Amino acid sequence: MNFTQDFITQHLPQWDKLPVCPTILDIGTFEGSSAVWFYDNLCPDYLVTVDPKPKPIAEENFGGRDIQQVRLSSHEYLRDTVRTFDLIYIDGSHRGEDVLEDAILSYRVLEPRGFLIFDDYFWRVPRCEEYWAPPKVGIDAFLNLFGPKFETIHSGYQIILRLK
Ligand SMILES: C[S@@+](CC[C@H](N)C(=O)[O-])C[C@H]1O[C@@H](n2cnc3c(N)ncnc32)[C@H](O)[C@@H]1O
């Protein structure tokens, strides 16, 4: 496998505690490292990863794994999907408003006791892009609206929620 960045190791203390998840949605394919980790460690029957512009190396990194790659934005995918998921990982657009939309659409297709994982809670907007709201603004808005429906499993750079 060929990954130019390590997006995984820092999350392993939390991810290693996740149970087997039959259906998984990975938002933000990039080079495929989170999709590969979920596939290899959470034994899904169905794993889909969505990204309008994944890196070409992702396909090679998936090797023989049965990972469905969808080249759409998460919003396009989530609005139309008829599937439900046991775990949804939100690591796509870093704009706060997009993260909020990802979260609300994901909530609609999350199985009872399903996991919703947000990356980048403390990610900071680059100075040249000051008009962005960072992910935290979207995540906090979602928590204000939907927080009581979830149990918080972890709160740090990632927020891991589980539907009650
Ligand atoms: C930080 S990378 C994801 C890293 C990946 N989860 C991993 O661990 O290897 C973010 C990715 O999200 C994608 N992205 C941006 N906006 C998106 C959207 N609206 N829907 C889905 N993916 C999006 C980008 O193209 C980029 O490849």
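Visitor: In which segment is Asp-6 found?

Guide: Asp-6 is found in the segment before helix H1 (12-15); helices are DSSP runs of H or I of at least four residues and strands are runs of E of at least two, numbered from the N terminus. The model is predicted: local features need pLDDT of at least 70 and side-chain atom pairs count only at pLDDT 80 or more, while totals for chains, interfaces and linings use all residues. Residues are numbered from 1 along each chain as its sequence is written.

Visitor: Why does Asp-6 count as exposed?

Guide: A residue is buried if 20 or more other C-beta atoms, placed from the backbone, lie within 10 Å of its own, exposed if 12 or fewer, and partly exposed in between. Asp-6 has 8 C-beta neighbours inside 10 Å and therefore counts as exposed. The C-alpha atom of Asp-6 is separated by 27 Å from that of Leu-110, 104 residues apart along the chain.

Visitor: Why is Cys-43 called partly exposed, and Arg-113 exposed?

Guide: Cys-43 is partly exposed because 13 other C-beta atoms lie within 10 Å. Arg-113 has 11 C-beta neighbours inside 10 Å and so counts as exposed. Cys-43 lies in the loop between H2 and E2, whereas the place of Arg-113 is in strand E5. Neither residue is a glycine, yet phi is positive in Cys-43, at about 50 degrees, and in Arg-113, at about 70 degrees.

Visitor: What makes the span of H5 close to the expected one?

Guide: The expected span of a helix is 1.5 Å times one less than its number of residues. H5 (residues 96-108) has 13 residues, for which 18 Å is expected, and it reaches 19 Å from its first C-alpha to its last. For H6, with twelve residues, the span is 16 Å, close to the 16 Å expected.

Visitor: Which residues of H5 are buried, and how do you know that they line one face?

Guide: Asp-98, Val-99, Asp-102, Ala-103 and Ser-106 are the buried residues in H5. Seen down the axis, they fall within an arc of 140 degrees, so they line one face of H5; the arc is that of the directions from the helix axis to the C-beta atoms. Their cover includes strands E1 (23-27), E4 (85-90) and E5 (110-118), together with helices H4 (74-80) and H6 (135-146).

Visitor: What puts the buried residues of H6 on the same side?

Guide: In H6 the buried residues are Pro-135, Gly-138, Ile-139 and Phe-142. They cover an arc of only 95 degrees around the axis, and therefore lie on the same side of H6. What covers them includes H5, E5 and strand E7 (159-163).

Visitor: Which members of the largest nonpolar core touch the most others?

Guide: Ile-88 and Ile-90 do, among the 34 residues of that core, a set of buried Ala, Val, Leu, Ile, Met, Phe, Trp, Tyr and Cys residues joined through C-beta atoms within 7 Å. Apart from neighbours within four places in sequence, Ile-88 is in contact (C-beta atoms within 7 Å) with Leu-25, Ile-27, Ser-106, Leu-110 and Leu-116.

Visitor: Which residues come nearest to the ligand?

Guide: Of the 19 residues around the ligand (C-beta atom within 6 Å of it), Phe-7, Gly-28, Ser-33, Ser-34 and Gly-92 come nearest. Ser-33 and Ser-34 are also among the buried residues of helix H2 (residues 33-42).

Methods:
Two residues are in contact if their C-beta atoms, placed from the backbone, lie within 7 Å.
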